[in-house]
Amino acid sequence: PDPKVLKINYASKEQGADVLEISKAAKGGGSLIVKDKDKYCNVPCPSTDANLRLVIQLSEEITMVKFVLASYEKYSSTMKDFQVWGSAKYPTDKWEHLSNFTAQEYGKEQEFELRAAVRYLKFKFYTHYGDEHLCTLSQIRVHGMPHVVQAKDDLVGVLEDSSETIKLIQSFDAKNMLAEIEADTKSILDEIENEVHDETAAAG
């Protein structure tokens, strides 16, 4: 994909994204889709479950290529293991499980590759690092290609394949191929005619 296309963050409030659902215990969910590094989403950290669930509506349906988790807050616990689910519709009971991931403990910005056609993303964070009272997450960014760009890339691929096929066909000597087919056909017809003649003679 064109690097310029992948710079667009489709989970940005400025682009029209929104946080549709978030855990009741969480605060500051709207901070996940804005650029301000001083703001963050936080949730109490139980000893066994970070318990952060959220649904983000992207600014448009895209072919996602990657997403980024950012954690800038120094004095807090951070998210570790999580799942990502996707859907083209919302609300829905048929979320597609896209993948499981494990974040690094000290990564301020971590990039995860994930290719899927989605408009809505559900994140389920279920473990965390550290023993602070609060777990924080600063931003979620999603990058990919609008469907029109993906369709263009697919079309280019088809045309390139078609071009190679045409070149392959053109490399054959069509006249010789036709002559061989005609010769084979004539040979088969001659054999059939001979067999018919022999059967007729035997019957007489």
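For residue classes, Ala, Val, Leu, Ile, Met, Phe, Trp, Tyr, Cys and Pro count as nonpolar, Asp, Glu, Lys and Arg as charged, and the others, Gly among them, as polar. With that settled, here are the close-ups; keep in mind that the model is predicted.

**Figure 1. The whole chain, with its confidence.** Start with the parts list: the protein has 10 strands and 2 helices. Read from the N terminus, the elements go β-β-β-β-β-β-β-β-β-β-α-α. Of the 204 residues in the protein, 38% are buried. Mean pLDDT for the protein is 83, with 68% of the residues at 70 or more. Among the elements, strand 6 (residues 96-102) has the highest mean pLDDT, 98, while helix 1 (residues 147-170) has the lowest, 56. A word of caution goes with that: where pLDDT is low, the predicted coordinates should not be read in detail.

**Figure 2. A four-stranded open sheet.** The 4 strands sit in the order 2-9-4-8, and their pairing is mixed. Strand 2 (41-44) and strand 8 (128-129) each have a single partner strand, so at these edges one side of each has no neighbour in the sheet. Strand 2 runs antiparallel to strand 9 (residues 134-137), and 4 bridges join the two. Strand 4 and strand 9, on the other hand, run parallel and are joined by 2 bridges.

**Figure 3. Residue partners along strand 9.** On the strand 2 side, Val43 faces Cys135 of strand 9. Pro44 likewise stands opposite Leu134 in strand 9. Thr78 has its bridge partner in strand 9 too, namely Thr136. Back in strand 2, Cys41 has a relative accessibility of 1%. Buried means under 20%, so Cys41 counts as buried.

**Figure 4. The disulfide between Cys45 and Cys135.** The count here is 1 disulfide. Cys45 and Cys135 make the pair, with the sulfur atoms 1.6 Å apart in the model. The link ties together distant parts of the chain, 90 residues apart: Cys45 lies in the loop between strand 2 and strand 3, and Cys135 lies in strand 9. Both Cys45 and Cys135 are buried. Cys135 is thus worth finding twice, as it also stands opposite Val43 in the sheet.

**Figure 5. The largest pocket and its lining.** This pocket holds about 300 Å³ of space. Its lining is made of 20 residues, and the ones nearest the centre are Ser71, Glu73, Thr78, Glu105 and Tyr106. Sorted by class, the lining has 8 polar, 8 nonpolar and 4 charged residues. Strand 3 (52-70) and strand 4 (77-79) each give the lining at least two residues. Strand 4 supplies the largest share, 3 residues. Thr78 links this view to the sheet, where Thr136 is its bridge partner in strand 9.

**Figure 6. A cis peptide bond at Tyr90 and Pro91.** Zoom in on the bond joining Tyr90 and Pro91: it is cis, with omega about 0°. As general background, most peptide bonds are trans. Where does Pro91 sit? Pro91 is in the loop between strand 5 (81-87) and strand 6. Strand 6, at the far end of that loop, is the element with the highest mean pLDDT, 98.

How values were computed:
Residues numbered from 1 in each chain as written. Predicted model: local features only at pLDDT ≥ 70, side-chain atom pairs only at ≥ 80, totals over all residues. Heavy atoms only, no water. 1 Å grid on protein atoms, 1.4 Å probe; cavity = no way out; pocket = protein on both sides within 12 Å on 5 of 7 lines; lining within 4 Å. Points joined across faces, edges and corners; volume = space filled by probe spheres on them. pLDDT = per-residue confidence, 0-100. Pairing = 2+ DSSP bridges. Disulfide = S-S within 2.5 Å. Buried < 20%, exposed > 50% of the residue type's maximum accessible area, 1.4 Å probe, protein only.
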